Amino acid sequence: MKKVAFYTLGCKLNYSETSGISRMFEQRGYKKVAFNDQPDIFIVNTCSVTENADKKCRKIVREAQAINPDGYVAIIGCYAQLKPKEISEIPGVDAVLGAAEKFRLIDLLDGFVKEPSSAKGKVFASPIEEAVEYHVAYSLNDRTRTFLKVQDGCDYPCAYCTIPLARGKSRSDTIENVLRSAREIAARGVKEIVLTGVNIGDFGLQNGQRAETFLELVKALDEVEGIERFRISSIEPNLLTDEIIAFVTHSKRFVPHFHIPLQSGSNKVLGLMRRRYRRELYVDRVNKIKALMPDCCIGVDVIVGHPGETNEEFLETYHFLNELPVSYLHVFTYSERPNTLALEIKPVVPLSQRAERSKMLHILSDKKRRAFYESQLGKEQTVLFEDEAVNGLMQGFTENYVRVSVQYDPLWINEVKKLRLTAINPEGVAEAEEVESISLFVHG
């Protein structure tokens, strides 16, 4: 039995696909092992959004060679689609597989036989236009939370982004298949499913035609027994409709948490980025959510240092976010990507200014998160606890994405407990006490 190990860079979608590919190996008789457990085969799933993709890929390949010099190294993922020839020339790489090939790697690589050390890696990478099939994937990295892929690819040509070049056109699973996956996940005892994809609000495109909608999907998933929570990972503001917001407000299983990419609070920069909305729509979406769900957590993606962003336009973004009732920021520093429209935009923002703007928004994010956590103190929330314990403490998340830390109790692992949030510790994590215990004490 050959041993295979996996390493994943990048997003939740990559993790769901790695997990799906690993199950394909196990079904074919391979044994999945840890990366440092002398595997015969190393599969590295790469990312093109992550900065220094080339450097990270080379480092992981070197580590694989150090662990097992005779191990077979295959590179898949977004970076593999964008730069297959470049990756194939990295010493130690045996094969590179693009977007249309990665789910067929067991058949394509035929036993994973290493070539002489002087040989370059084999390349299996079709033009991205051939990546038209949809492949089911979900992660099973822990017992509490699973990332379920429902959509792939993107038809939005944002100026800074390589994802359409790396993953192809937007395409989706069917609602019937998603429900089947959700029930399989529920049968494994998982309590929370996070819906993921490249552009999940665009769910429903099959063979280039609109067959179903994201609203229809969430309504169907809300009826799945055995799953306590569904969480929407990220959804474009122009695709987050009033109907979706209203449904989540009253749903049985969808939690009050939205992650909504903004990228810039300046309409001029949004235009340069080729985003499909303006800041006024974003304000409208946030206000709609907060009107219906005052305790809803709202996360924001924002890019600093995009070409053409002046200091005044960055400050416009800063003040825009400062005034919005959002809960935290994911801050990305713009970095150049080959074959993107942003390379043609001038002026280019110096790296030092990009770093300073990033620092300012990270500080603002910490402030926003702290304020949101403080707004939840004294309130009763349900918390799903994870199975990791550090220094005698275990952690979990409320429905509205407040991280909570309590004394470790093995009976609470993968359980949803009703707690009252009481304080925020020095690490910025909420502390809580059990509501039922308080009630018994008071009346006892």
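**Group meeting: salt bridges, strands and cores in a predicted model**

Let me begin with two charged residues, Arg 171 and Asp 152, both of which are buried. I should say straight away that what we are looking at is a predicted model, and I will speak about it with that in mind.

These two residues form a salt bridge with each other, in which the closest N and O atoms are 3.5 Å apart. Arg 171 lies in strand 9, residues 171-172, while Asp 152 lies in strand 8, residues 151-152, so the pair ties together parts that are 19 residues apart in sequence.

How many salt bridges does the structure hold? The count is 32, and I will take you through two more of them.

In one, the side chains of Glu 225 and Arg 253 meet with an N to O distance of 3.3 Å. Glu 225 sits in the loop between helix 8 (214-221) and strand 13, and Arg 253 in the loop between helix 9 (242-250) and strand 14 (257-263), so this pair ties together parts that are 28 residues apart in sequence. Is each partner buried or exposed? Glu 225 counts as exposed because its relative accessibility is 62%, whereas Arg 253, at 12%, counts as buried, the cut-offs being over 50% for exposed and under 20% for buried.

In the other, Asp 295 and Lys 379 form a salt bridge whose closest N and O atoms are 2.7 Å apart. Asp 295 is in the loop between helix 11 (279-292) and strand 15 (297-304), and Lys 379 is in the loop between helix 13 (351-376) and strand 17 (380-390), so here the parts tied together are 84 residues apart in sequence. Asp 295 is partly exposed, with a relative accessible area of 30%, and Lys 379 is likewise partly exposed, at 31%. Coming back to our opening pair, salt bridges that share partners join Asp 152 and Arg 171 with Glu 17, Lys 102, Lys 149 and Arg 167 into one network.

Now to the strands. An open sheet is formed by 3 strands in the order 7-10-13, with parallel pairing. Its edges are strand 7 (145-149) and strand 13 (229-232), each of which pairs on one side only, and neighbouring strands are turned against each other by 25 degrees on average, with direction ignored. Strand 7 pairs with strand 10, residues 192-196, over 5 bridges, and within that pairing Phe 147 stands opposite Val 194. Helix 7, residues 175-187, packs on the sheet and touches both strand 7 and strand 10, its direction making about 165 degrees with that of strand 7.

Elsewhere, strand 18 (residues 393-398) and strand 19 (residues 403-407) pair in the antiparallel sense over 5 bridges, with Gln 395 facing Ser 405 as its bridge partner. These two strands form a hairpin with 4 residues between them, and Tyr 401 in the turn has a positive phi of about 65 degrees. Strand 19 is also joined by 2 bridges to strand 21, residues 430-434, and those two run parallel.

Finally, the nonpolar interior. The largest nonpolar core has 64 residues, and those touching the most other members include Leu 195, Phe 254 and Leu 361. Helix 7 gives the largest share of this core, 6 residues. Which residues does Leu 361 touch, leaving aside those up to four places away in sequence? Among them are Val 302, Phe 314, Tyr 318 and Leu 329. A second, separate core of 21 residues includes Cys 57, Val 73, Ile 75 and Val 96.

Technical notes
Residues are numbered from 1 along each chain as its sequence is written. This is a predicted model: local features need pLDDT of at least 70, side-chain atom pairs count only at pLDDT 80 or more; totals for chains, interfaces and linings use all residues. Side-chain values use heavy atoms; hydrogens and water are left out. Two strands pair if DSSP finds at least two bridges between them. Axes are lines fitted to C-alpha atoms, for helices over the stretch in contact, and angles run from 0 to 180 degrees between N-to-C directions. Contact means heavy atoms within 4.5 Å. A nonpolar core is a set of buried Ala, Val, Leu, Ile, Met, Phe, Trp, Tyr and Cys residues joined through side-chain atoms within 4.5 Å. Buried means under 20% relative accessible area, exposed over 50%, partly exposed in between (1.4 Å probe, protein chains only). A salt bridge is a side-chain nitrogen of Lys or Arg within 4 Å of a carboxyl oxygen of Asp or Glu.
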